[in-house]
Amino acid sequence: MKLTEQKRKYLENLSDKNGFISALAIDQRGALKKMINKNQEKEATAEQIKEFKTLVSKHLTKYSSSILLDPEYGLEASKARDKNAGLLLAYEKTGYDANAVGRLPDCLVEWSAKRLKEEGADAVKFLLYYDVDECEEINIQKKAYMERVGAECVAEDIPFFLEILSYDCKIDDNSTAEYAKVKPRKVIEAMKVFSDPRYNVDVLKVEVPVNMKFVEGFSDGETVYTKEEAANYFKLQEEATSLPYIYLSAGVSAKLFQDTLKFAHDSGAKFNGVLCGRATWANGVEVFAKEGEKATVEWLDTVGRKNIEELNEVVEKTATSWKEK
């Protein structure tokens, strides 16, 4: 992997002193609105979404190397972050059209890599839903789209973080044992595809290659993988790319995510950090919706801070510096 001097500087802004990316993710839009709605009778407003993001940014970036936000609701939050925290901005529209085939990507039409950079971003993040086994007619559109985003980031000399969310077009629910059986292939093969230099990806943001809730010793019920099988999938994931890669928390509990990182490390995965969202701040949404700003600040300064500091301790013991790559 070759970095320009400018991209290296940006990546250092996003990392801690060890070269680990220990980033906080709160670029959720539709998902965050649903979380707020679940805890109050009235419909969540844009101002509420902006306020929650701003509180999270102001109070938790003191303990993170960087924060991922969206330009739709997160620009105020980006300005409230700690002066030492780097900034990633999302470029994709939230979600996908459930009535259309293929979960095709779409960018925020008012934005470009140039405009995100002008807002102070140290990196551009794009989320892509990808099924390696979907028809080529769909996947070639996704590949071409990522080529365009990558080319924009090259033109602006800014890092391109590609977040890949795997799925199976024939399985509706990816939390099932049925999907857990095919997940390793979906995750690993997608990483191989977008590690090709033609996409100009600088860092992959990826899922762990198994559903830990179905791993022997982690499962409360049905198991899909033995510990040895799960460990082997982490090794195969490590071998799938020469790019730096970081793990997303995928909404699991803080404890399970920390245990997953330890398991990944022990299995030989040389991941380069985390972009952790809901595992850190999700339980604060209920406090925000029901009790307001003062109680939320108290929650962030205690429970939220504890979640991040415990995660940071695990990252320090398990991650590898991206500079090695």
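Start with L204: leaving aside residues up to four places away in sequence, L204 touches L162, I164, M191, F194, S195, T241, L243, P244, Y245 and I246. This is a predicted model, and L204 is one of the residues with the most contacts inside its largest nonpolar core, together with M146 and Y247. Around that core sits a protein chain with 12 helices and 8 strands. Here's the rundown, from the cores outward to a few single residues.

**Nonpolar cores**

- The largest core takes in 87 residues.
- Helix α12, covering residues 293–318, is the element that gives the most to this core, chipping in 8 residues.
- Apart from it lies another core of 13 residues, and A123, F161, V203 and W322 are among them.
- As background, nonpolar side chains tend to be buried together in soluble globular proteins.

**Overall build**

- What radius of gyration does the protein chain have? The value is 19 Å, which agrees with the figure near 20 Å that a compact globule of 325 residues would have.
- Along its principal axes, the C-alpha trace spans about 50 × 45 × 45 Å.
- Burial is easy to sum up: 56% of the 325 residues count as buried.
- Take the contacts with a separation of 6 or more, and 73% of them are accounted for by residues 24 or more positions apart.

**Surface and charge**

- The accessible surface of the protein chain comes to about 14,700 Å², and carbon and sulfur atoms own 46% of that.
- On the charge side, there are 48 positive and 56 negative charges in the protein chain. How far apart are their mean positions? They are 2 Å apart.

**K227 and its neighbours**

- K227 lies in helix α8, which runs over residues 227–239.
- Partly exposed is the label for K227, because its relative accessibility is 38% and that class lies between the 20% and 50% cut-offs.
- E216 is 11 residues from K227 in sequence, and in space the two are 5.6 Å apart, C-alpha to C-alpha.
- Not counting residues up to four places away in sequence, K227 touches V215, E216, G217 and F263.

**N211 in the loop before α8**

- N211 sits in the loop between β6 (203–206) and α8.
- Is N211 buried or exposed? N211 is buried, with a relative accessible area of 15%, and the cut-off for buried is under 20%.
- Which residues does N211 touch, once those up to four places away in sequence are set aside? The list is N174, S175, A180, K183 and Y225.

**Two loop residues with positive phi**

- R103 isn't a glycine, yet its phi is positive, near 50 degrees.
- You'll find R103 in the loop between β3 (86–90) and α5 (113–118).
- R103 is buried, with a relative accessible area of 19%.
- D157 also has a positive phi, about 55 degrees, although it is not a glycine.
- The loop holding D157 is the one between α6 (136–156) and β5 (160–166).
- D157 counts as partly exposed, with a relative accessible area of 23%.

Terms used
Residues are numbered from 1 along each chain as its sequence is written. This is a predicted model: local features need pLDDT of at least 70, side-chain atom pairs count only at pLDDT 80 or more; totals for chains, interfaces and linings use all residues. Side-chain values use heavy atoms; hydrogens and water are left out. Helices (H or I, at least four residues) and strands (E, at least two) are DSSP runs, numbered from the N terminus. The radius of gyration is taken over C-alpha atoms; the globule rule is 2.2 Å times the number of residues to the power 0.38. Buried means under 20% relative accessible area, exposed over 50%, partly exposed in between (1.4 Å probe, protein chains only). Contact means heavy atoms within 4.5 Å. Accessible areas come from the Shrake-Rupley method with a 1.4 Å probe; for residues, only the protein chains shown count as cover. Lys and Arg count as positive and Asp and Glu as negative; His and the chain ends are not counted. The place of a charge is taken as NZ of Lys, CZ of Arg, CG of Asp or CD of Glu. A nonpolar core is a set of buried Ala, Val, Leu, Ile, Met, Phe, Trp, Tyr and Cys residues joined through side-chain atoms within 4.5 Å.
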